[in-house]
Amino acid sequence: MAAKIAQRRWDLLLVVTAAPHSNDVVTSALRMAQAVLDQGKTVRLWACGYANMLTQTTHGETKLINTRDPEGVYPSPSRIVRDMLAANPGKFAWIACTACSAERGATSHIDEVRFRSPMRFVSTIQGADKTVFIGGA
């Protein structure tokens with residue numbers, strides 16, 4: 001009989017299903033993740049659908065110039081995710097759904113993003129103490 005591989009446990013799994021610029025869902029998810037991390041807990045975020053556009057390398061490091069604040073420098077979404085991952089090694093992870101990414105042409109994720117097949121979605125949920133879906137269908 002084969003030995004069962006122990007699955008890593010996470011305190012929270014956030015499943016983000018909204019398009020990044022449709023409303024404040026992504027901001028809410030990132031704030032929730034940071035609040036949980038600030039409590040010393042672990043967070044895994046599964047990006048579904050157009051949320052996979054957040055971690056594309058094509059964003060670069062900063063957003064385009066803000067015409068209301070032309071001197072300001074604002075980090076791109078991929079930079080924000082990269083910074084959160086770097087600040088929380090082993091406590092924060094970002095998963096890109098392979099099917100959702102492929103369907104949307106989001107094939108150039110930053111190196112820190114992990115890829116998971118939708119076939120592993122249920123086991124990912126089972127590996128979390130709490131799961132929160134944000135963004136709707």
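The following exchange asks how the descriptions of this predicted model are reached.

Visitor: What is the overall make-up of the protein chain?
Guide: The protein chain has four helices and five strands. Along the sequence they follow the pattern β-α-β-α-β-α-β-α-β.

Visitor: Why is the protein chain called as compact as a globular protein of its length?
Guide: The radius of gyration is 16 Å, and the globule rule gives 14 Å for 137 residues. The two values are close, so the chain counts as compact in that sense. Along its principal axes, the C-alpha trace spans about 65 × 35 × 25 Å. Buried residues make up 39% of the 137 residues.

Visitor: What share of the contacts between residues at least 6 apart in sequence joins residues at least 24 apart?
Guide: The share is 70%.

Visitor: Why is the pair Asp 129 and Arg 9 called a salt bridge?
Guide: The cut-off is 4 Å between a side-chain nitrogen of Lys or Arg and a carboxyl oxygen of Asp or Glu. For Asp 129 and Arg 9 the N to O distance is 2.7 Å, which is within 4 Å, so the pair qualifies. Asp 129 lies in strand β5 and Arg 9 in the segment before β1, so the salt bridge ties together parts that are 120 residues apart in sequence. The structure holds six salt bridges.

Visitor: What makes Arg 9 partly exposed?
Guide: Buried means under 20% relative accessible area and exposed means over 50%. Arg 9 has 44%, which lies in between, so Arg 9 is partly exposed.

Visitor: How do you know that Glu 61 and Arg 79 meet in a salt bridge?
Guide: Their N to O distance is 2.6 Å, and the limit is 4 Å, so the pair passes. Glu 61 is in the loop between β2 and α2, and Arg 79 is in helix α2, 18 residues apart. Glu 61 has a relative accessible area of 37% and Arg 79 has 29%. Values between 20% and 50% count as partly exposed, so both residues carry that label.

Visitor: What makes Asp 83 a salt-bridge partner of Arg 79?
Guide: Their closest N and O atoms are 2.9 Å apart, again within 4 Å, so the criterion is met. Asp 83 and Arg 79 both lie in helix α2, four residues apart, about one turn of the helix. An α-helix has 3.6 residues a turn, so residues three or four places apart point the same way. Asp 83 is partly exposed, at 37%. Through shared partners, salt bridges join Glu 61, Arg 79, Arg 82, Asp 83 and Glu 112 into one network.

Visitor: Which residues of α2 are buried, and how do you know that they line one face of the helix?
Guide: Pro 77, Ser 78, Val 81, Met 84 and Leu 85 are buried. Seen down the axis of α2, the buried residues fall within an arc of 125 degrees, so they line one face. They pack against α1 and β3. The face turned away from the buried side carries the exposed residues Ala 86 and Ala 87.

Visitor: Why is the pair Trp 46 and Phe 121 called edge-to-face?
Guide: Ring centres must lie within 6.5 Å, and planes over 60 degrees apart count as edge-to-face. Here the centres are 4.9 Å apart and the planes stand at 70 degrees, so the pair is edge-to-face. Trp 46 is in strand β2 and Phe 121 in helix α4, 75 residues apart. Both residues are buried. Trp 46, Phe 121 and Phe 133 form one aromatic cluster.

Visitor: What makes Phe 92 and Trp 94 an edge-to-face pair?
Guide: Their centres are 6.4 Å apart, with the planes at 75 degrees. The distance is within 6.5 Å and the angle is over 60 degrees, so both conditions hold. Phe 92 has a relative accessible area of 5% and Trp 94 has 2%. Each value is under 20%, so each residue is buried.

Visitor: How do you know that the charged end of Arg 8 sits over the ring of Trp 10?
Guide: The charged end of Arg 8 is 4.0 Å from the ring centre. The limit is 6 Å, with a further condition of within 35 degrees of the ring normal. Arg 104 likewise sits with its charged end over the ring of Tyr 50, 4.6 Å from the centre.

Notes. Residues numbered from 1 in each chain as written. Predicted model: local features only at pLDDT ≥ 70, side-chain atom pairs only at ≥ 80, totals over all residues. Heavy atoms only, no water. Helix = DSSP H or I, 4+ residues; strand = E, 2+ residues; numbered from the N terminus. Buried < 20%, exposed > 50% of the residue type's maximum accessible area, 1.4 Å probe, protein only. Arc of directions from axis to C-beta. Contact = heavy atoms within 4.5 Å. Phe/Tyr/Trp six-rings, centres within 6.5 Å; stacked < 30°, edge-to-face > 60°. Rg over C-alpha atoms; globule rule 2.2 N^0.38 Å.
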